[in-house]
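Biologist: I have the structure open and would like to go through its packing with you. Could we begin with a pair of helices?

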Amino acid sequence: MNKLISFAFIFWSFDALAEVSDKMATIPELWLHGIVFGLGIYFLIRWRIGFILLGVLFITFFAYAAFSTLSDPHVGVAVIREQGTPYIIASYSAPVIITICSVLGVIKNRRKLKRGI
């Protein structure tokens, strides 16, 4: 009987409180994602203007990932409580950096076309 009770306690469900931020990307990683993807998109758009669609896809992906993570009623609240406002700003930094790099790539591509290169 004692073994049965101890076996039943193994499958008993308990609430577990754990840190969420140790499973999330750090602030420098979020910036690095934006810089790496942004520079890649910049050079692709500078080369061919058609890659602007890829830039829009990356912007949408990173913006949706940040929004869905931070608006989650369980994970988002825990991340905001543990990391604070700087993490919210850093979460949206990747789409902003990719947007800036895409616009700069379009500007550079247009100037290249006007010069006839």
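Modeller: Certainly; please bear in mind that this is a predicted model. Helices α3 and α6 pack at an angle of about 165°, and their axes are 8 Å apart.

Biologist: Which way do α3 and α6 run relative to each other, roughly parallel or antiparallel?

Modeller: Angles over 145 degrees count as roughly antiparallel, and α3 and α6 are therefore roughly antiparallel to each other. Their crossing is left-handed.

Biologist: Which residues meet there?

Modeller: From α3, the residues are Ile52, Gly55, Phe58, Ile59, Phe62 and Ala63; from α6, they are Ala94, Pro95, Ile98, Thr99, Ser102 and Val106. Sorted by class, this contact of α3 with α6 has nine nonpolar residues, three polar ones and no charged ones.

Biologist: Let us stay with α6. What is buried in α6?

Modeller: The buried residues of α6 are Ser93, Ala94, Pro95, Ile97, Ile98, Cys101, Ser102, Gly105 and Asn109.

Biologist: And what do the buried residues of α6 pack against?

Modeller: They pack against α2, α3 and α5, the last of these being residues 85-91.

Biologist: How far apart are the end C-alpha atoms of α6?

Modeller: They are 33 Å apart. Helix α6 covers residues 93-115, and at 1.5 Å a residue its 23 residues should span 33 Å, so the two values agree.

Biologist: Now to α2 and α3. What are the angle and the axis distance for that pair?

Modeller: Helix α2, residues 27-47, and helix α3, residues 52-70, pack at an angle of about 165°, with 9 Å between their axes. That angle makes α2 roughly antiparallel to α3. The crossing of α2 past α3 is left-handed.

Biologist: Which side chains should I look for at that contact?

Modeller: In α2, look for His33, Phe37, Ile41, Leu44 and Ile45, which meet Ile52, Leu54, Gly55, Phe58 and Phe62 in α3. The residues of this contact comprise eight nonpolar, two polar and no charged.

Biologist: A change of topic: how many helices and strands are in the protein chain?

Modeller: The protein chain has six helices and zero strands. Read from the N terminus, the order of elements is α-α-α-α-α-α.

Biologist: What share of the chain counts as buried?

Modeller: Of its 117 residues, 24% count as buried.

Biologist: And what about contacts between residues distant in sequence?

Modeller: Taking contacts between residues at least 6 apart in sequence, 78% join residues at least 24 apart.

Biologist: Could you give me individual examples? I was looking at Ser91; where does Ser91 lie?

Modeller: Ser91 lies in helix α5. Buried means under 20% relative accessible area, and Ser91 is buried because its value is 8%.

Biologist: What does Ser91 touch, leaving aside its neighbours within four places in sequence?

Modeller: With those neighbours left aside, Ser91 is in contact with Leu30, Ala66 and Leu70. In addition, the C-alpha atoms of Ser91 and Phe67 are separated by 8.4 Å, with their positions 24 residues apart along the chain.

Biologist: There is also the loop between α1 and α2. Is Ser21 in that loop buried or exposed?

Modeller: Ser21, found in the loop between α1 and α2, is buried, with a relative accessible area of 17%. Leaving aside neighbours within four places in sequence, Ser21 is in contact with Glu82 and Gln83. Ser21 and Val79 are 58 residues apart in sequence, yet their C-alpha atoms are 5.8 Å apart in space.

Biologist: And Glu19, buried or exposed?

Modeller: Glu19 is exposed, with a relative accessible area of 52%. Glu19 is found in the loop between α1, residues 2-10, and α2. The C-alpha atoms of Glu19 and Val79 are separated by 8.5 Å, and these two residues are 60 residues apart along the chain.

Note on methods:
Residues numbered from 1 in each chain as written. Predicted model: local features only at pLDDT ≥ 70, side-chain atom pairs only at ≥ 80, totals over all residues. Heavy atoms only, no water. Axes fitted to C-alpha atoms, helices over the stretch in contact; angles between N-to-C directions. Helix = DSSP H or I, 4+ residues; strand = E, 2+ residues; numbered from the N terminus. Parallel < 35°, antiparallel > 145°, perpendicular 65-115°, else oblique. Left-handed = near helix turned anticlockwise from the far one by under 90°. Contact = heavy atoms within 4.5 Å. Nonpolar A, V, L, I, M, F, W, Y, C, P; charged D, E, K, R; others polar. Expected span 1.5 Å × (residues − 1). Buried < 20%, exposed > 50% of the residue type's maximum accessible area, 1.4 Å probe, protein only.
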